[in-house]
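Subject: Structure handover

Hello,

Here is the structure I said I would pass on. My notes follow it.

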Amino acid sequence: MRDVPFVTVDVFTDRRFAGNPLAVILDARELSDGEMQQIAREFGYSETTFVLPPRDPANTANVRIFTPTTEVPFAGHPNVGTAFALGNLGSLFGSPIGTQLRFEEKAGLAEIELARVGARVTGATIQAPGPLTVGSSVPPAELAPCISLGAADLETRHHAPVFASVGLKFILVEVKDLAVLARAAPRLEPLAVLHEAYAHEETDCAIFLYAWVGSDHVRARMFAPLDNVPEDPATGSASAALGAYLASLNAETRDRHLLVEQGVEMGRRSLIHVDVETKAGRFERVRITGACVEVMRGTISL
């Protein structure tokens with residue numbers, strides 16, 4: 001029998017039982033791909049990460065990210081939470097953990113900076129591994145039924161619902177106000193139709209909807225039922241994509257900060273800080289920052 005160590009972390013919060021829970025498998029060297037998927041399904045969190053030695057010794061680790069149904073190339077809260085968990089270990093595979101971490105992932109190299117108060121790790125900042133890519137726009141009449149709303153509930157003055165990614169693809173959807181946001185709910189049948197119609201996007205049509213609270217503050221929800229995630233309380237990769245996409249819409253693009261509040265309707269309030277950097281008026285990079293708190297640790301018996 002093998003005992004595989006794990007820790008769980010609530011991400012994008014400084015309070016236990018809020019934010020987005022994450023399971024981190026601290027040493028996945030003896031696990032097969034099938035076992036990783038089974039473990040992710042057993043935890044049932046939106047993502048579980050598996051830590052392996054880096055292929056390049058200049059990097060910190062190779063990190064694989066699984067939802068309950070599939071492996072994904074990049075996600076925000078798994079990177080923040082995994083960095084936090086490893087930072088608290090102090091060393092990994094015989095090497096000390098510093099303040100700057102580099103994770104090899106399917107989407108590319110994720111760079112992470114730990115936040116500390118004294119010697120204590122409190123959270124992390126990550127840079128999205130990919131450039132901003134924008135795909136198809138989706139007519140409101142096609143998208144609205146997927147989230148139990150009408151076309152008039154969607155706000156299209158700034159942009160239509162659109163596929164966008166900085167490492168993991170989402171459909172970004174602005175809604176009219178917080179009341180509309182609260183009424184939204186995923187519906188599988190119209191989402192399956194949408195998924196087939198936009199098969200060329202090669203994604204499971206995760207939907208990130210948001211409403212403005214202030215000039216630099218949105219409240220958001222994320223539905224990914226085709227990934228067995230009916231709703232996610234904090235989605236860093238979607239928040240990063242939204243920040244980068246909104247910056248790209250501004251003809252006078254400049255550095256900006258965006259606060260994304262998520263998980264309120266689920267009773268797991270999360271706060272995601274998004275910082276978009278530009279160079280010569282063009283999008284350069286996006287970083288997301290969040291606090292974390294450890295919840296559980298133990299072993300999985302295989």
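**Helix H6**

Helix H6 covers residues 236–249, which is 14 residues; at 1.5 Å a residue it should span 20 Å, and its end C-alpha atoms are 20 Å apart, so expectation and model agree. Before going further, please note that this is a predicted model. H6 is mostly covered, with 12 of its 14 residues buried. The buried residues are Gly-236, Ser-237, Ala-238, Ser-239, Ala-240, Ala-241, Leu-242, Gly-243, Ala-244, Tyr-245, Leu-246 and Ala-247. In an α-helix there are 3.6 residues a turn, so residues three or four places apart point the same way.

**The whole chain**

The secondary structure of the protein consists of six helices and 19 strands. For 302 residues, a compact globule would have a radius of gyration near 19 Å, and the protein has 19 Å, so the value agrees with that of a compact globule. The C-alpha trace spans about 55 × 45 × 35 Å along its principal axes.

Of the 302 residues, 54% are buried. The protein exposes about 12800 Å², and carbon and sulfur atoms supply 49% of that area. If contacts are restricted to residues at least 6 apart in sequence, 63% of them join residues at least 24 apart. On charge, there are 27 positive and 37 negative side chains, and the centres of the two sets lie 4 Å apart.

**Helix H1 and its cover**

Helix H1 takes in residues 33–43, and its buried residues are Glu-35, Met-36, Gln-37, Ile-39 and Ala-40. What lies over them? The cover of the buried residues of H1 includes strands S2 (20–25), S3 (48–52), S4 (61–66), S5 (71–72) and S19 (282–301). Just after H1 comes Gly-44, with a positive phi of about 75°.

**Cys-292 and Thr-122**

Strand S19, which is part of the cover over H1, also holds Cys-292. Cys-292 has a relative accessible area of 7%; the cut-off for buried is under 20%, so Cys-292 counts as buried. Leaving out residues up to four places away in sequence, Cys-292 touches Val-9, Asp-10, Val-11, Thr-13, Val-80, Gly-81, Phe-84, Thr-122 and Gly-123. Ala-224 is 68 residues from Cys-292 along the chain, and their C-alpha atoms are separated by 23 Å.

One of the residues that Cys-292 touches is Thr-122, which is found in strand S10 (residues 120–127). The relative accessible area of Thr-122 is 18%, so this residue is buried as well. With residues up to four places away again left out, Thr-122 touches Phe-84, Ala-115, Arg-116, Val-117, Ala-291 and Cys-292. Phe-84 is thus among the residues touched by Cys-292 and among those touched by Thr-122.

**Residues in loops**

Asp-153 lies in the loop between helix H3 (140–143) and strand S12 (162–165). Is Asp-153 buried or exposed? Its relative accessible area is 16%, so Asp-153 is buried. Apart from neighbours within four places in sequence, Asp-153 is in contact with Val-175, Lys-176, Val-180 and Arg-183.

Two loop residues other than glycine have a positive phi: Cys-205, near 60°, and Asn-228, about 65°. Cys-205 sits in the loop between helix H5 (188–197) and strand S14 (207–214), and is buried with a relative accessible area of 0%. Asn-228 sits in the loop between strand S15 (217–224) and strand S16 (229–232). At 47% relative accessibility, Asn-228 counts as partly exposed, since exposed requires over 50%.

**Val-193 in helix H5**

Val-193 lies in helix H5. Its relative accessible area is 56%, so Val-193 is exposed. Glu-142 is 51 residues away from Val-193 along the chain, and the C-alpha atoms of the two are separated by 9.1 Å.

Regards

How values were computed. Residues numbered from 1 in each chain as written. Predicted model: local features only at pLDDT ≥ 70, side-chain atom pairs only at ≥ 80, totals over all residues. Heavy atoms only, no water. Helix = DSSP H or I, 4+ residues; strand = E, 2+ residues; numbered from the N terminus. Rg over C-alpha atoms; globule rule 2.2 N^0.38 Å. Buried < 20%, exposed > 50% of the residue type's maximum accessible area, 1.4 Å probe, protein only. Contact = heavy atoms within 4.5 Å. Areas by Shrake-Rupley, 256 points an atom, 1.4 Å probe, with all protein chains shown as cover. Lys, Arg positive; Asp, Glu negative; His and termini not counted. Charge placed at Lys NZ, Arg CZ, Asp CG, Glu CD. Expected span 1.5 Å × (residues − 1).
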